[in-house]
Amino acid sequence: GYDFSKIPPHKLRGVSAVFHQAANNDTQSSDRENMNEVNYDKPADLFNQAYDAGCRNFIYASTAAIYGKQNIPWYEDALPEPLTQYAISKLHFEDFADEFSCRKKCSVIGLRYCNVYGPGEDHKGKRASMIFQLAKQIMEYRVKLFDTGEQKRDWVYVQDVVNANLYAARYGFKDDPRKIRNNVFNISSSEIISYNEIVKILDSVLGTDSDISYIPNPYKNTYQERAGSNIDMARSVLRWKPRYGIRKGITSMIQQMFNSPLYRP
């Protein structure tokens, strides 16, 4: 992770809000030391330095992976059941954020994203969203899904994630910027859909007819067969709501991919 201690203190003066979105999101990694360094130590350093420079409003990316294999839909007050080092590290940072907010008397808002997708993920490799990876696979005529492809996911388009962050920042300043707010909110589209259906939508948008190969799932112990979040709190408290359903989001993603020379087949 980036060493935030290298940021000159004067660069942080006058910062009214910090948005922390970086993470090692490799759900199959068992490297606890690296996960803790990137997903806990580094953002904690950033929060402390920004606070010392005068910032009192913090927004950070958490994850719905902390819910594990619990029945859906997931609510924010559910007891976490993380299955991976990634989810454990993000849950640890939620604990830090709660303590930091109370100790420093500032606003710290966590957003539990549920499967973010969108254009511009090519640099992520295997850590890119499955929607992005499936789009690339369809373009290359080699579509593969685990087992029957009926695993279901709740997704959220990247533009909705941007808006959620802006709404969270506004909430942090609401009424009194000195008021302590240390909530976490589920952020998703609340549109739960199978991978088979994702391929059908991609085919419809791309004008293709994919032949799917089904392969065994080697990650059974840590794999979430069903993923879906309730977003009532984000709607009522943040006044945020998703603007992109799954088809609209996929269409927007494909349009931007085809407008980039990186993705043209």
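This passage describes the aromatic pairs, salt bridges, surface patches and some long-range contacts of the structure. The model is predicted, and every value below is computed from it.

The aromatic side chains make a good starting point. A pair of aromatic rings is described by the distance of the centres and the angle of the planes. With ring centres required to lie within 6.5 Å, the count comes to 20 aromatic pairs. One of these joins Y67 and W74, whose ring centres are 5.1 Å apart with the planes at 25°. Because planes under 30 degrees apart count as stacked, the pair of Y67 and W74 falls in that class. Both Y67 and W74 are buried. The rings of F93 and F96 also pair, with 5.2 Å from centre to centre and 35° between the planes, and this pair is tilted. F93 and F96 both belong to helix α2 (residues 85-104), where they are three residues apart and therefore separated by about one helical turn. F93 has a relative accessible area of 4% and is buried; F96, with 9%, is buried as well. Ring pairs also tie F93 and F96 into a cluster that includes Y40, F47, Y51, F58, Y60 and F100.

Two members of the structure's interior offer a view of how separate stretches of sequence meet. V18, in strand β1, has a relative accessible area of 7% and is buried. Its C-alpha atom is separated by 8.0 Å from that of Y60, a residue 42 positions away along the chain. Y60 is also a member of the aromatic cluster. Helix α2 likewise holds E94, which counts as buried at 8% relative accessibility. The C-alpha atoms of E94 and V184 are 8.3 Å apart, although the two positions lie 90 residues apart in sequence numbering.

Attention now turns to charged side chains. Side chains of opposite charge can pair when their charged atoms come close. The whole structure contains seven salt bridges, three of which are described here. In the bridge between K124 and E121, the closest N and O atoms are 3.5 Å apart. K124 is partly exposed at 30% relative accessibility, whereas E121 is buried at 4%. E121 is placed in the buried class because its relative accessible area is under 20%. R142 and E140 form another salt bridge, with an N to O distance of 2.7 Å. Here R142 is partly exposed at 46% relative accessibility, and E140 is partly exposed at 39%. A further bridge brings together D147 and K220, at 2.8 Å from N to O. This pair connects distant parts of the chain, 73 residues apart: D147 sits in the loop between β5 (143-146) and β6 (152-154), and K220 in the loop between β10 (212-215) and α6 (232-238). D147 has a relative accessible area of 27% and is partly exposed; K220 is partly exposed at 43%.

Charged residues also gather on the surface in patches. The positive patch consists of R235, K241, R243 and K248. Among them, K248 lies in helix α7 (residues 246-258) and is partly exposed, with a relative accessible area of 48%. K248 can take part in a patch because its relative accessible area is over 30%. The negative patch is made up of D31, E33, E37, D41 and D45. D31 belongs to the loop between β1 (18-20) and α1 (32-52) and is partly exposed at 41% relative accessibility.

A nonpolar patch rounds off the surface description. F19, V158, V162 and L166 form this patch, and together they have about 310 Å² of accessible area. Helix α4 (residues 158-173) is the element that gives the most to the patch, contributing three residues. F19 comes from strand β1, the strand that also holds V18. F19 is partly exposed, with a relative accessible area of 36%, whereas V18 is buried at 7%.

Methods:
Residues numbered from 1 in each chain as written. Predicted model: local features only at pLDDT ≥ 70, side-chain atom pairs only at ≥ 80, totals over all residues. Heavy atoms only, no water. Patch = residues over 30% accessible without salt bridge, like charges linked within 9 Å, V, L, I, M, F, W, Y side chains within 5 Å. Areas by Shrake-Rupley, 256 points an atom, 1.4 Å probe, with all protein chains shown as cover. Salt bridge = Lys/Arg side-chain N within 4 Å of Asp/Glu carboxyl O. Lys, Arg positive; Asp, Glu negative; His and termini not counted. Charge placed at Lys NZ, Arg CZ, Asp CG, Glu CD. Helix = DSSP H or I, 4+ residues; strand = E, 2+ residues; numbered from the N terminus. Buried < 20%, exposed > 50% of the residue type's maximum accessible area, 1.4 Å probe, protein only. Phe/Tyr/Trp six-rings, centres within 6.5 Å; stacked < 30°, edge-to-face > 60°.
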